[in-house]
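Please explain how this structure is put together. Begin with a single side chain and work outward to the helix, the aromatic rings and the pocket.

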Amino acid sequence: TVPKQTASVRFYEGVEGVRTIHKLYLEELRKAGHIKVYGISNTDQVGAFFPDIAANKSNKDRVALGIKSQFIYTNSQGPIFKDSDAQMNRESRFVPIEKYPIQGDLSIEGDKVIILNLQGNRPSGVVIQSADLAQTMLAVFNLTWEAAAKYN
């Protein structure tokens, strides 16, 4: 049986590699005309790695492009995003880090799944381009989104 699609996998290492993923991700969103991204993040780690995102309580470039975000997150300070969701073109749900020790960041955008490890002295990221895998991860995201409702 011939698979209907093959996946492409790109691996990025180091601070510059992760920043490259972040930049490419936004450029591809804009070019492809996507209107929504989905993410699961440890926002303490994301904010430490991307101070501009922490300062703005969002990715200002995503907001400027008019791309919506549906976002599940942990944060040591608790649910910090609800008040700014509408302003940041985002819908968010908090989950407690004690129960769900999320590490790094996972994003689903179109036919891509992006996974970032932001810890330690050698951060890294993986970009998997596969419509089938992205569809599966979106189903897992939606299941998680429904389960996260009880914390909000």
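Is lysine 82 buried, partly exposed or exposed? Lysine 82 is partly exposed, because its relative accessible area is 42%; buried means under 20% relative accessible area, exposed over 50%, and partly exposed in between, with a 1.4 Å probe and protein chains only. This is a predicted model, in which local features need pLDDT of at least 70 and side-chain atom pairs count only at pLDDT 80 or more, while totals for chains, interfaces and linings use all residues. Residues are numbered from 1 along each chain as its sequence is written, and side-chain values use heavy atoms, with hydrogens and water left out.

Lysine 82 has a partner in aspartate 85, with 4.0 Å between the closest N and O atoms of this salt bridge. A salt bridge here is a side-chain nitrogen of Lys or Arg within 4 Å of a carboxyl oxygen of Asp or Glu. Aspartate 85 is buried, with a relative accessible area of 7%. Four salt bridges are counted by this rule.

Another of them joins glutamate 28 to lysine 112, at 3.1 Å from N to O. Because glutamate 28 belongs to helix H1 and lysine 112 to strand S6, this pair ties together parts that are 84 residues apart in sequence. Helices (H or I, at least four residues) and strands (E, at least two) are DSSP runs, numbered from the N terminus. Lysine 112 also meets aspartate 111, at 3.4 Å from N to O, and so Glu28, Asp111 and Lys112 are linked in a network of salt bridges. Within this network, lysine 112 is buried at 10%, whereas glutamate 28 is partly exposed at 27% and aspartate 111 is partly exposed at 25%.

Helix H1 itself has 19 residues, which at 1.5 Å a residue should span 27 Å. The expected span is 1.5 Å times one less than the number of residues. The end C-alpha atoms of H1 are 27 Å apart, which agrees. Among the buried residues of H1 are Gly14, Val18, Ile21, Tyr25 and Leu29. An α-helix has 3.6 residues a turn, so residues three or four places apart point the same way. After H1 comes glycine 33, with a positive phi near 75°.

The aromatic rings come next. Rings of Phe, Tyr and Trp (its six-membered ring) pair if their centres lie within 6.5 Å; planes under 30 degrees apart count as stacked, over 60 as edge-to-face and the rest as tilted. Eight aromatic pairs are counted by this rule. One is the edge-to-face pair of phenylalanine 49 and phenylalanine 50, with 4.9 Å centre to centre and 75° between the planes. Phenylalanine 49 is buried at 10%, and phenylalanine 50 is buried at 5%. Phe71, Tyr73, Phe81 and Phe94 form one aromatic cluster.

Phe71 leads on to the largest pocket, which holds about 590 Å³ of space. On a 1 Å grid over the protein atoms alone, a cavity is a set of points where a 1.4 Å probe fits but cannot get out, and a pocket is an open set with protein on both sides within 12 Å along at least five of seven lines; lining residues have an atom within 4 Å of a point. Of the 30 residues lining the largest pocket, Ser41, Val46, Ile53, Phe71 and Asp105 are the closest to its centre.

How values were computed. Points joined across faces, edges and corners; volume = space filled by probe spheres on them.
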